[in-house]
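Open the model in your viewer and keep the selection box handy. We will go from the whole chain to a few single residues.

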Amino acid sequence: MSSHEAVTDAAPQDTSGKRRWIALAIVMTAAFMDLVDATIVNIAIPSIERDLGASLGTIQWITAGYALAFAAGLITGGRLGDIYGRKRLFLLGTAGFTLASALCGFAVSSEMLVASRLLQGAAAAMMVPQVLSIIHVTFPAHERGKVFGMFGAIIGLGAVSGPLLGALLTQWNIAGLEWRPIFLINLPVGIAGLLLGRKFITESKAPKALRLDMVGVLLVTGALLMLIYPLTRGRELDWPLWGHLMMAGSLLVFGALVAYEKYKTKKDGSPLVELSLFRVKSFAAGIAVQLTFGVVLGIFFLVWTMYMQIGLGWTALRAGLTGVPFSIAVSVAAGLSVQKLVPRFGRKVLQAGALTMIAGVLLYLFEAGRYGTGIESWQMIPPLVVMGLGMGLIVAPLTDAVLSEVPQEHAGSASGLINTTGQMGNALGLGLVSVVFFGSIDDERLAKAPAEVGPAFTNAFQNSLGWAAGVLAVIFLVMFALPAKPKQHLEGGGEADPDADADADAMVVEKEPALTR
């Protein structure tokens, strides 16, 4: 079949030969690029702050802006791929991501960098939803278990390599560019992805003609902006009245979105959000877990970086290397949870992950207080490994647990909502950094007494960890609403039931674990 011919989910393409594996390598590389870019930025933030003179609020927007644009566009990006073709949207998103990376790398001001990050997040929202859809129509149902396992390994590799690669590129200061290579490294990868993707990826569309719900898109985007923007800028502007009104107004806009989506469903059956999914108890609970877990990750990764590099005065390389045991622990636990633990113990694995993360967070809080600014990298390893193991037990199996009771015809819409909610939680957590971290720091006092920066950042870090532990405790309780045991899936490489294949090919199942951005 020619790469320019379109197939639908109801009629999968011929998946024989090497072509599908080349296509898999292309889309996985794009997903890896997105994941690395998300984690690589945190480690370079102190360098960006020094070079561009960025304020604390601007620093938040460099990370939160990407997460917000990504969250706001994910559902829309997935729907556009269904309508106009996933290969087309993948290539368009990759081109936009590559261009935005160049703009980030050559940014001459903090304002230009924030705008470029927003563009980068919007482009990622077009690119990322197509990855798993393309995998779905490229591989038969009985092989997808193996392929999604490989995808999980790529995610783990991205988590491990992102901070370390960011640290190395920043520390090496290539050609005097300081932090800029963390974005410029995307250019050759993106260009290669465009050239190879055009040749090897086969076009596919949804089996039924869909329409884009533009009113839904505007309401989702508006509600998110009204919530996150004043939360991020509030502390800088001394919490003005308009900020509180905007945040309260965002709830009204979310309410208007629900009302409109109900109307849209009755009118033409093409809503942006499939509201009937929330009647499934496990799905509604999973969305709550995804949102709150995103908040925890959004808070932790940003404050952790600033604590090590600004509070403790460590180099980017030392901070990056300190994080390696955490990333390895996440990757190991993620692999074990999906392959060995969840099939046997079900929901208890995710709950054990939440409790393990709480233990790691509390241990870190204790050590940060005990050792103060004299804490060493090796002393951070125990709490980081415990936290990483807990996170790995949650992130990998969560999507399957949430989707397990969702009707097949709504699986694609459900997974899009899961990813969007995770990114929305991430953006919300990054916005909350103003409250839980910067809210504990007296800027005027630090300006007069620079020697107090370390103790002030240590206290703020401890305060943030306390919040994270509290949110994780809520996550543990909400997990009781998840299914006790997952449904049985075909193992990769086994004999498949043709009827099961036909049923599976009638929809697109996106199984991307939520990651911080």
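Here is a tour in five stops, with a short note on conventions first.

This is a predicted model, in which local features need pLDDT of at least 70 and side-chain atom pairs count only at pLDDT 80 or more, while totals for chains, interfaces and linings use all residues. Residues are numbered from 1 along each chain as its sequence is written, and side-chain values use heavy atoms, leaving out hydrogens and water.

**Stop 1: the whole chain**

Colour by secondary structure and you should find 18 helices and two strands. Here helices (H or I, at least four residues) and strands (E, at least two) are DSSP runs, numbered from the N terminus. Of the 517 residues, 57% count as buried; buried means under 20% relative accessible area, exposed over 50%, and partly exposed in between, with a 1.4 Å probe and protein chains only. Switch on the surface: the accessible area comes to about 20,400 Å², and 65% of that belongs to carbon and sulfur atoms. Take contacts (heavy atoms within 4.5 Å) between residues at least 6 apart in sequence: 85% of them join residues at least 24 apart.

**Stop 2: α10 and α14**

Select residues 281-311 for helix α10 and residues 377-403 for helix α14. Their axes lie 11 Å apart, at an angle of about 150°. That makes α10 roughly antiparallel to α14, the label for angles over 145 degrees. Axes are lines fitted to C-alpha atoms, for helices over the stretch in contact, and angles run from 0 to 180 degrees between N-to-C directions. The crossing of α10 and α14 is left-handed, that is, the near helix is turned anticlockwise from the far one by less than a right angle.

Which residues in α10 meet α14? Show side chains, and look for F283, F293, F300 and W304 among them, facing a set in α14 that includes M380, M387, M391 and L398. The residues of this contact divide into 17 nonpolar, three polar and no charged. In this count Ala, Val, Leu, Ile, Met, Phe, Trp, Tyr, Cys and Pro are nonpolar, Asp, Glu, Lys and Arg are charged, and the others, Gly among them, are polar.

Now step to P407, in the loop between α14 and α15 (411-436). P407 counts as partly exposed, at 32% relative accessibility. Add L277 to the selection: P407 and L277 are 130 residues apart in sequence, yet their C-alpha atoms are 8.5 Å apart.

**Stop 3: α3 and α4**

Next, select residues 86-105 (α3) and 110-138 (α4), whose axes come within 7 Å and cross at roughly 155°. These helices are therefore roughly antiparallel to each other, and their crossing is left-handed. The contact residues here are 17 nonpolar, eight polar and two charged.

Pick V128 in α4, which is buried at 6% relative accessibility. Its C-alpha atom is 8.1 Å from that of G93, 35 residues away along the chain.

**Stop 4: S47**

Move to S47 in helix α1 (residues 19-52). Is S47 buried or exposed? At 5% relative accessibility, S47 counts as buried. Beyond neighbours within four places in sequence, S47 is in contact with T170, E178 and W179.

**Stop 5: the loop between α5 and α6**

Finish at the loop between α5 (144-172) and α6 (181-184), where N173 lies. Most residues other than glycine have a negative phi. N173 has a positive phi of about 50°, and A175, in that loop too, has one of about 55°. N173 is partly exposed, at 33%, whereas A175 is exposed, at 75%.

Technical notes: Parallel < 35°, antiparallel > 145°, perpendicular 65-115°, else oblique. Areas by Shrake-Rupley, 256 points an atom, 1.4 Å probe, with all protein chains shown as cover.
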